[in-house]
Amino acid sequence: MTITDLSGFAQYATDTDIDPDTVFDDMLTIIQRNIAEHPRSAQQEIGPSELGHPCNRWFAYKLANAPKINTAVSWRTAVGVAVHNYLSDLFHADCDNYDQPRWWTENLVHVGRIEGPDGYEVYGSCDTYELFSALVTDWKIVAKTTLQDARRNGPGHKYRVQGHAYGRGWTRRGLPVRNVSVAFLPASGELDEAVFWHEPYNEQIVIDALAKVNAVNQLVAQVGVAAATILPTAEHYCTRCPYFRPNSTDFTAACPGDPGIRRSGPDPINTLIA
């Protein structure tokens with residue numbers, strides 16, 4: 001809030017004795033509440049960013065609408081959202097420099113469908129589509145370890161599937177897609193540390209990812225969350241997973257994590273289940 005006439009407000013600063021730590025607690029509460037209520041946090045359905053998730057057990061929990069038990073507020077997500085909004089504003093403003101809208105930002109695209117009794121359409125908001133080269137770009141704001149891994153090994157299976165999923169969404173809207181890309185920006189560091197990956201658009205990558213999810217969903221439709229007890233795991237930031245509980249023995253209630261659990265690392269590639 002910006003106020004030009006400050007008369008009458010001084011008394012509140014002089015007559016109210018609030019401890020600075022209490023004020024900081026209030027500020028953190030506001031931030032945490034906003035993160036928890038953001039659509040990204042509240043999303044229940046699988047979106048393009050999750051289609052390439054490497055853990056089949058995670059899909060079972062998600063598709064069975066299992067309760068989330070590891071629900072720490074994610075500041076990393078909030079930082080990512082803020083940077084995405086900043087970038088969207090920049091590219092939107094730059095469109096004024098061209099006869100055609102070169103940059104298409106944060107557009108909703110339809111990727112495919114999760115089949116089954118409780119099936120639904122998969123939609124997602126694509127970060128950037130560049131009209132002149134028909135390039136889809138997904139922005140990632142990441143820590144140094146992820147940045148270094150992307151520079152050595154590429155984006156990992158999950159991010160790769162997400163890029164192609166957005167590509168499929170744009171083709172379904174009637175626009176060509178020649179290449180998909182993932183741009184990694186440092187969460188701490190300088191812009192010249194960014195890593196850019198791209199490859200030709202391939203619809204089959206998305207079709208295969210949807211097939212895996214639909215296979216898991218078919219099993220969930222038959223046995224419910226018990227599907228988690230028979231599906232394999234894959235390490236993917238397990239300690240941040242909403243279904244993670246250390247040493248859990250009841251897989252219908254929570255997952256103890258993959259045997260190869262670690263706090264960070266590259267995205268492993270998981271094969272299609274039969």
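Colleague: How many of the 11 residues of strand β2 are buried?

Modeller: This is a predicted model, so local features need pLDDT of at least 70 and side-chain atom pairs pLDDT 80 or more, while totals for chains, interfaces and linings use all residues. Numbering starts from 1 along each chain as its sequence is written, and side-chain values use heavy atoms, without hydrogens or water. Strand β2 (a DSSP run of E, at least two residues, numbered from the N terminus) covers residues 120–130. It is mostly covered, and the buried count (under 20% relative accessible area, 1.4 Å probe, protein chains only) is eight.

Colleague: Over how many bridges do β1 and β2 pair?

Modeller: β1 spans residues 103–114. Pairing takes at least two DSSP bridges between two strands. Trp-104 stands opposite Tyr-129 in β2. The sense is antiparallel, and the bridge count is 10.

Colleague: Which residue in the β1–β2 turn has a positive phi?

Modeller: β1 and β2 form a hairpin, with five residues between them. The phi in question is about 135°, and it belongs to Gly-116.

Colleague: Which residue in β3 is the bridge partner of Glu-130?

Modeller: β3 covers residues 135–142 and runs antiparallel to β2, joined by three bridges. The partner of Glu-130 is Leu-135.

Colleague: What is the positive phi of Ala-134?

Modeller: Ala-134 sits in the turn of the β2–β3 hairpin. Four residues separate these strands. The phi is about 55°.

Colleague: Why does Asp-21 count as exposed?

Modeller: Asp-21 lies in helix α2, residues 20–37 (helices are DSSP runs of H or I, at least four residues). Exposed means over 50% relative accessible area. Asp-21 qualifies because its relative accessibility is 55%.
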